[in-house]
Amino acid sequence: MDWRFLVRRTNFVWENEYELDEAEVALLGVPFDSTTTGLPGTRLGPDRVREEFRNWASTYDPELGTLDDVKLVDVGNIDVVYGDPRATLDRIYEVVKGILEENPKLKLITLGGEHSITFPVVRAMLDSGRKFNYLCFDAHWDLLDSYLGLKESHASVNRRISEILGLDRMEIQGPRTGEKEEWDLAKKLGKAKNPVYLSVDLDVLDNIPVGTPVPGGWDFNKLWDEIKNRDIISADIVEYDPMVGTSPVPSELLRRLILKISLHL
Ligand SMILES: [Mn+2]
């Protein structure tokens, strides 16, 4: 099936929209939150942040320049299968694989949704021949073999990635909770050498609405300090949950992070 049948292209963020085959950076929304263990609502994340881009016109960053100089495309949202993580993850894989077949050099910013969506993105990137190590910022290790019997759980996403990439090519920064099994496994993690695929689980931060918050997190400046010197081939930003709080502050934080990553890629 053509991957385009699995995407709803109804929302556009960028004014300078390019065709997929000529774009440098693409945004892809995955509004999926069916394995969420805390509060649901991350399915609303991609469209909430698009709204934020519309509300705040400035796309200039004093350190990095203007988004007008980046060839952007908003691919839209994947048509997920609520309640069926396996079918959803298969769709994510098909879409990312299809996008990269059409534009092998494209850098993708995938917007969650919950963290489980990262695994099929990473798998599609590997199968498309991209060479990278994996860098993740998260309050949790997400290294459980399964959670509530579910291998596709957001609490198992880094374990699944370790099975196709190897723990030594993975770096996870920020965890401050978890099971003993995970802390033991985490001792085998390495430092991700450049280039890296970046996965940002926003619960690594404090004071941002997420389904599974953990106290003692980073602030935005610390997060950006950790990102800015890395060579990033593509990224995802997951677990932002607009249902937990409707303040414009976190969605603006997220918009700013997407802006900075788009300019940095
Ligand atoms: Mn996570």
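# Strand β7 and the sheet around it

Tutor: Both faces of β7 are covered, since Asn133, Leu135 and Phe137 on one side and Tyr134 and Cys136 on the other are all buried. The model is a predicted one, in which local features need pLDDT of at least 70 and side-chain atom pairs count only at pLDDT 80 or more, while totals for chains, interfaces and linings use all residues. Residues are numbered from 1 along each chain, as its sequence is written.

Student: What makes β7 a strand, and what makes its residues buried?

Tutor: Strands are DSSP runs of E with at least two residues, helices are runs of H or I with at least four, and both are numbered from the N terminus. A residue is buried if 20 or more other C-beta atoms lie within 10 Å of its own, exposed if 12 or fewer, and partly exposed in between, with C-beta atoms placed from the backbone. Five of the five residues of β7 are buried, so this strand is largely enclosed by the rest of the structure. In a regular strand the side chains alternate between the two faces of the sheet.

Student: Why is Asn207 called partly exposed, and why is Glu239 called buried?

Tutor: Asn207 has 14 other C-beta atoms within 10 Å, and this count falls between the limits of 12 and 20; it is therefore partly exposed. Glu239 has 30 other C-beta atoms within 10 Å, which satisfies the criterion of 20 or more, and is therefore buried. Asn207, in the loop between β9 and α6 (220–228), has a positive phi near 60° although it is a residue other than glycine. Glu239, in the loop between β10 and α7 (248–264), is not a glycine either and has a positive phi of about 80°.

Student: How do you know that β7 is paired with β9, and in which sense?

Tutor: Two strands pair if DSSP finds at least two bridges between them. β7 and β9 (residues 196–201) have five bridges and pair in the parallel sense, with Asn133 standing opposite Val196. With β8, β7 pairs in the parallel sense over four bridges, and there Tyr134 stands opposite Met170. The chain crosses from β7 through α4 to β8, and this β-α-β crossover is right-handed; that term applies if, with the strands pointing away from the viewer, the path from the first strand over the helix to the second runs clockwise.

Student: Why are β1 and β8 described as standing at the edges?

Tutor: Eight strands form an open sheet of mixed pairing, in the order β1-β5-β2-β6-β10-β9-β7-β8. β1 (7–8) and β8 each have a single partner strand, so one side of each is left without a neighbour in the sheet. Elsewhere in the sheet, β2 (residues 25–30) and β6 (residues 107–112) pair in the parallel sense over six bridges, and Leu27 has Ile109 as its bridge partner in β6.

Student: What does α3 touch when it packs on the sheet, and what angle does its direction make with that of β10?

Tutor: α3 touches β6, β7, β9 and β10 (232–238), and its direction makes about 165° with that of β10. Axes are lines fitted to C-alpha atoms, for helices over the stretch in contact, and angles run from 0 to 180 degrees between N-to-C directions. Two residues are in contact if their C-beta atoms, placed from the backbone, lie within 7 Å. α2 (residues 85–102) lies across β1, β2, β5 (72–78) and β6, running at about 160° to β5.

Student: What makes a set of residues a nonpolar core, and how many residues has the largest one here?

Tutor: A nonpolar core is a set of buried Ala, Val, Leu, Ile, Met, Phe, Trp, Tyr and Cys residues joined through C-beta atoms within 7 Å. The largest has 70 residues, and those with the most contacts inside it are Ala26, Tyr134, Leu202 and Ile237. Leaving aside its neighbours within four places in sequence, Ala26 is in contact with Leu20, Val73, Val75, Ile99, Leu106 and Leu108.

Student: How do you know that the radius of gyration agrees with that of a compact globule?

Tutor: The radius is taken over C-alpha atoms, and the globule rule is 2.2 Å times the number of residues to the power 0.38. With 265 residues the rule gives a value near 18 Å, and the chain has 17 Å, which agrees. Buried residues make up 49% of the 265 residues.
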